[in-house]
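I opened the notebook with two topics in mind: charged side-chain pairs and backbone angles. My notes follow in the order I looked things up.

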Amino acid sequence: MRSGNLGYPRIGRDREWKKALEAFWAGKLEEEAFHAELKAIRLGNLKAQQEQGIEVIPVGDFSYYDQILDTSAMFGLIPSRFGYEGGKVGLSTYYAVARGTREAAASSMTKWFNTNYHYIVPELESTLKPVLTGNRLLDAYREAKQELGIEGRPVLVGLYTFVKLSRGYAANELESWIDRLLPLYVQVLQELAAEGVQEVQVDEPILSTTLGKEELAIVARIYETLAKEAPGVKLFLQTYFESVDHYEAVVALPVHGIGLDFVHDGGRNLESVNKHGFPADKVLGVGLIDGRGIWKADLHSKLALLNTISQTVAADRIIVQPSSSLLHVPVSAKGELKLDAVLRDALAFADEKLAEIALITKAGNNGIEAVAAELESASNSRKALEQSASRARKVVHERIADLASQPSDRPASVEARRKAQQDKWQLPLFPTTTIGSFPQTPEVRRARLKWRKGEWSEEQYETFIKDEIKTWIDIQTDLGLDVFVHGEFERNDMVEFFGEKLAGFAFTSNGWVQSYGSRCVKPPIIYGDVEFTAPMTVAETVYAQSLTAKPVKGMLTGPITILNWSFVRDDKSREEVAYQIALALREEIEALEAAGIGMIQVDEPALREGLPLKREQWAAYLKWAVHAFRLSTSTVTDETQIHTHMCYSEFNDIIESISALNADVISIETSRSHGELVKSFEDFTYDKGIGLGVYDIHSPRLPSVEEMGSMIDRALRVLDPALFWINPDCGLKTRKYEETVASLRNMVEATVVARQKYARQEV
């Protein structure tokens, strides 16, 4: 058996990658120095894998932003609005597509399958002429070999996955786009073969989704062409995140090897191998170690699974590997010295996972006796956490056991609630608001750091936060917004903030993962039972409300988003953990209401990303996800208006579940895909308040009044004006002061124009 990896975190142990990108964007780092810094990080990543004893090391998985954007750039698929005229795609164009410019909106960004990583969606315009602008995989292979002596395995995003994840073409044009790009894939492979590359990893996670037989026929044609036209290189077809439905058809493809996920497959991949066998002429990549979780593996069960597979597949045709790229986990757990020792000893980040892979491979080749001490140590680590007091909170267990009696439905109808709320608030037509956060300036971050280090007292920090809140209440008053927020200046992250105040959560010092671009997050670790301990947001919200007669929304992160944006314990179902979080949040909502806060926003931007990849499993997930939200929000009075917010995702096919949340008002990110979502409401009547984001907060460009006005007009063609709200796409935490104020001023002006226009139409 051999040990292998599928991808490594690109951000560096101390987020050197993020810092280099942001320095380059800010003009503080020249391009030559920027390339040099990223090369050093890239080589360091390869060396880390080499030192762990990994035999099959991926190259080309490193990126300057996103691997899908890299593929678009490699084939010259740059939207026409960026003025690209052919040739190698320079950094200015590359980053313009990802981040936008003052003249051109950025390409859409959405979730990478059901992870919290975001990719830049390719736009396949009919006028584009694909061409190989440069073989980045060849460059990566040469660099690894020349600098470190590593015979790397280049990683290429599969053609079918790439086209299926793209936009801009009609359904009947899918095969024509495949035909346009297929020769370029052949060219990439031929150039790699000429260089002496032995094997290429082709990532096709789309094969783990629900596909029809006609789609599999297209996939077969792709691989038959690649095998025929580029016979000099072996293809290793990698699937992940779920099981492969059409197992027999997939393993029959003309490739040298196939990688399967044996962690997140629900046992179905193993069932297929046992039932149908595995081709004797192919290599099997056995995804044994969880590429998305952060817990030490139960090595005994992993070895038992490997032994079962070995009954069907010869040992010399097995590669022991993670279930997916390690892009989704932090780099190393070695520096997490502040964590409780029991918890720390149960963690495995990327480097620790590579060590587990090497260990399992050693056991597979030399027998369990060769690694007996390591197995016992890992087993003891898991057992100690399982038996800890953090997983034995009596009140939490009693509530979950009595879940059926917990209220999850507001007694009054949405119409009755709307009347009660309007009588109370007297809001104008098209109420304006923001999503929650305002700019987290360097001053805000420095103040938080001083407080955390003990350089500032609690009183000093509280005074600073109150000053920031007052400043932005005054700004919102000046702008003329209708519903205010306090700005969330006391919050480092929308999930971490709540996790720090709830029992059952822990936080790393350096457990960063990439979310999108240079945006890195440090997901909380849900390691024990989740329980409310004290009010979390009441003080700041009540203070903000004391400064204005306008309503100020209480701001919470919802149970499903906290779940999906955390690393979750693996001894309970995600459903049960979601209910624990929901019941804890309900106590916070009740505390806000008791303190006089009559609008409460419970954000669920990650609701859709938790969808299983198999459509037949969607209904079950959505049922418990919606139930968790309603457990949180159903005990308030009719007059209390519950808001929610969603972003980063495509919502068209879950509109009914969004409505079932029973929130009084929902705001949805739509500026990068406005027309697509608006079209959904032509077929679905939404009877609750709704705000479709009228400008993109992820781009530094200033949207005009006219641009936002056109978005408002488009939405009002299908939505009831009496239910329509106007807001930005998402929170404004990452934007600068000037951008924020100017954009919101234009938004309010566009709202005034819309109100006047609608009034004239009514007359």
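I began with one pair, K296 and D345, whose side chains meet in a salt bridge, N to O at 3.5 Å. I then placed the two residues on the chain. K296 sits in the loop between β9 (283-289) and α11 (299-310), and D345 in the loop between α12 (341-344) and α13 (350-366). They are 49 residues apart, so I logged the pair as a link between distant parts of the chain. I noted that this is a predicted model.

Next I checked accessibility for both ends. K296 has a relative accessible area of 19% and is buried. The cut-off matters here: buried means under 20%. D345, at 39%, is partly exposed.

How many salt bridges does the structure hold? I found 40. I picked further examples from that set.

D70 and R136 came next. Their closest N and O atoms are 3.3 Å apart, and they form a salt bridge. This pair also links distant parts of the chain: D70 is in helix α3 (residues 67-74), R136 is in helix α5 (residues 136-148), and 66 residues separate them. Is D70 buried or exposed? I read a relative accessible area of 6% for D70, which is buried. For R136 I read 25%, which is partly exposed.

Then I turned to a pair within one helix. K470 forms a salt bridge with D474, with the closest N and O atoms 3.1 Å apart. Both residues lie in helix α18 (residues 458-479). They are 4 residues apart, about one turn of the helix. I looked up accessibility again. K470 is partly exposed at 38%, and D474 is partly exposed at 40%.

I also noted a network. R391, D529, R569 and D571 are joined into one by salt bridges that share partners.

I moved on to the backbone. Most residues other than glycine have a negative phi. I wrote down two residues with a positive value.

F430 is not a glycine, yet its phi is positive, about 55°. I located F430 in the loop between α16 (414-425) and α17 (442-453). Its relative accessible area is 1%, so I entered F430 as buried.

Where is N662 found? I traced N662 to the loop between α24 (655-660) and β19 (665-668). Phi of N662 is positive too, near 65°. N662 counts as buried, at 16% relative accessibility.

How values were computed:
Residues are numbered from 1 along each chain as its sequence is written. This is a predicted model: local features need pLDDT of at least 70, side-chain atom pairs count only at pLDDT 80 or more; totals for chains, interfaces and linings use all residues. Side-chain values use heavy atoms; hydrogens and water are left out. A salt bridge is a side-chain nitrogen of Lys or Arg within 4 Å of a carboxyl oxygen of Asp or Glu. Buried means under 20% relative accessible area, exposed over 50%, partly exposed in between (1.4 Å probe, protein chains only).
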